[in-house]
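Please look through the structure below before reading the numbered points. They are arranged by topic and may be checked against the display one at a time.

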Amino acid sequence: MNIVICGGGMVGLTLARLLRLRGQEPIVLERMPAGAFVPRGYMLGFQGFPTFEEIGILDEIKAAGWDIAPRADGSQVAICVQVGRILDLLGDGLPVEHEHTVTELVQDPTGRVVGVVAEGPEGSRTIPADLVVACDGTGSPVRQMAGIEATIDPLPEASLTFMSPEPGGVSFAMAYTSDGGHIGTLGWPQGSAGWRSIEKVGAQAALAPGLEAIKKMWIELLPESEKGISGLTSLDQIRYSEPGLLSCKEWWKPGILLIGDSAHFFGPETGVSSGIGLGDAHALAEAVRQFPDDADAACQNFITWRTPVVRPYEAMDPGRQRILTYGQVQPKPEERWPPAA
Ligand SMILES: Cc1cc2nc3c(=O)[nH]c(=O)nc-3n(C[C@H](O)[C@H](O)[C@H](O)COP(=O)(O)OP(=O)(O)OC[C@H]3O[C@@H](n4cnc5c(N)ncnc54)[C@H](O)[C@@H]3O)c2cc1C
């Protein structure tokens with residue numbers, strides 16, 4: 001099967017590795033240069049373990065990170081690890097066409113997707129495909145080119161996050177505030193990160209109290225974050241955003257399938273987005289192995305397999321529950337951010 005994978009992030013690279021293990025030679029197109037990625041605090045949930053075990057990189061990931069909720073038998077619920085380390089391990093020896101951006105889908109007269117147009121340093125070229133797989137993230141240009149609709153449900157609150165070069169004191173800690181909001185921290189050997197929900201006040205107002213006031217608030221609400229957040233030296237290391245939950249009623253149109261963040265994105269406190277995306281990659285690779293000459297049958301098989309896995313996570317996302325109850329309980333004064341004047 002001629003498979004074109006659009007996007008060489010965690011899910012696209014994983015799919016390529018799994019397909020190659022099954023005798024396929026997919027083309028991976030990635031718009032960014034080799035080695036570039038967006039730094040972020042990252043925990044790999046157990047949902048992603050079997051996929052990385054099959055690829056043969058789980059032990060190295062465990063060795064490079066810190067366990068979250070280790071059990072007596074040596075297993076763990078999740079691993080907090082520098083995200084670049086996983087991307088390096090996945091990309092090692094894998095052919096990827098970096099600096100190649102998918103700009104168009106090619107369709108036959110019936111509307112079936114039969115290839116892509118990619119722009120790279122050598123110009124533009126058309127690549128025929130039996131199956132195009134969109135692994136191009138939440139903004140997914142390919143999803144939009146295919147006309148597959150995504151619903152974005154804005155979360156009722158904004159998010160304040162930090163990235164610190166100081167390794168955290170713990171791999172993970174999280175607490176709920178009295179209004180159902182949440183605050184957490186992640187730590188790994190090379191750094192730490194944190195997040196908390198706040199009112200939607202805009203970046204200027206959220207950052208106005210200043211760096212030291214933000215550190216103090218974080219440490220008071222979540223003492224486990226002290227070691228990591230103490231490493232912040234600039235307000236530039238703190239970010240305000242207004243995240244949303246992304247879901248798509250359909251993941252497939254003849255010739256094209258969405259997987260990973262292009263198909264679904266969960267709330268920040270779930271920590272499952274990549275694990276679910278890695279499961280998508282595994283299911284699709286297996287479906288292609290079962291139906292190597294029939295892309296449509298492989299995609300139908302994928303949908304049958306993934307619907308009962310992904311849809312309950314979408315329905316039960318705690319962020320979705322808070323959309324229904326937001327505002328019913330007020331936070332305590334010390335939990336409010338920015339603090340009342
Ligand atoms: C701040 C933050 C924190 C997160 N924390 C966690 C966490 O703790 N645990 C967890 O499980 N998940 C977390 N996630 C989600 C997790 O990072 C993703 O689920 C995971 O990276 C898999 O994403 P993906 O490969 O589907 O998409 P992405 O990682 O977004 O990769 C998409 C790739 O497609 C490329 N691309 C886009 N358009 C084109 C185009 N037209 N042509 C070619 N290439 C293109 C992009 O350059 C990118 O490399 C977090 C996400 C964010 C933003």
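1. In this predicted model, I259 touches V11, L15, V133, C135, G277, D280, A281 and L284, leaving aside residues up to four places away in sequence. I259 also belongs to the largest nonpolar core, which has 79 residues. Within that core, I259 is listed with C6, L15, V132, V133, L257 and L284 as the residues with the most contacts.

2. Where does this core lie with respect to domain 1 and domain 2? Domain 1 is made up of the segments 3-40, 93-151 and 245-318, and domain 2 covers 158-242. Both domains give residues to the core, and therefore it lies between them.

3. Apart from this, there is a second, separate core of six residues. Among its members are L246, F265, F266 and V272.

4. The surroundings of the ligand deserve a separate point. Of the 29 residues around the ligand, those that come nearest are G7, G9, G137, G260 and S274. Two or more residues of this shell are given by each of the elements α1 (10-21), β2 (27-30), β3 (43-45), β7 (101-107) and α9 (273-290). The largest share, four residues, comes from α9. Sorted by class, the shell has 13 polar, 11 nonpolar and five charged residues.

5. Is A118 buried or exposed? A118 is a residue of strand β8, which spans residues 113-120. A118 has 21 other C-beta atoms within 10 Å, and a residue counts as buried if there are 20 or more; A118 is therefore buried.

6. The neighbours of A118 may be traced next. Not counting residues up to four places away in sequence, A118 touches L29, H100, T101, V102, T103, R125 and I127. A further pair to inspect is A118 and E104, which are 14 residues apart along the chain. Their C-alpha atoms are separated by 7.2 Å.

7. The last point concerns an open sheet of three strands, whose order is β11-β17-β20 and whose pairing is antiparallel. Which strands form its edges? They are β11 (151-154) and β20 (264-265), each of which pairs on one side only. Strand β17 covers residues 244-247, and four bridges join β11 to β17. One of the residues to locate here is P154, whose bridge partner in β17 is G244.

Definitions and conventions. Residues are numbered from 1 along each chain as its sequence is written. This is a predicted model: local features need pLDDT of at least 70, side-chain atom pairs count only at pLDDT 80 or more; totals for chains, interfaces and linings use all residues. A residue is near a molecule or strand if its C-beta atom, placed from the backbone, lies within 6 Å of it. Ala, Val, Leu, Ile, Met, Phe, Trp, Tyr, Cys and Pro count as nonpolar, Asp, Glu, Lys and Arg as charged, and the others, Gly among them, as polar. A residue is buried if 20 or more other C-beta atoms lie within 10 Å of its own, exposed if 12 or fewer, and partly exposed in between; C-beta atoms are placed from the backbone. Two residues are in contact if their C-beta atoms, placed from the backbone, lie within 7 Å. A nonpolar core is a set of buried Ala, Val, Leu, Ile, Met, Phe, Trp, Tyr and Cys residues joined through C-beta atoms within 7 Å. Domain bounds come from an automatic or database domain assignment. Two strands pair if DSSP finds at least two bridges between them.
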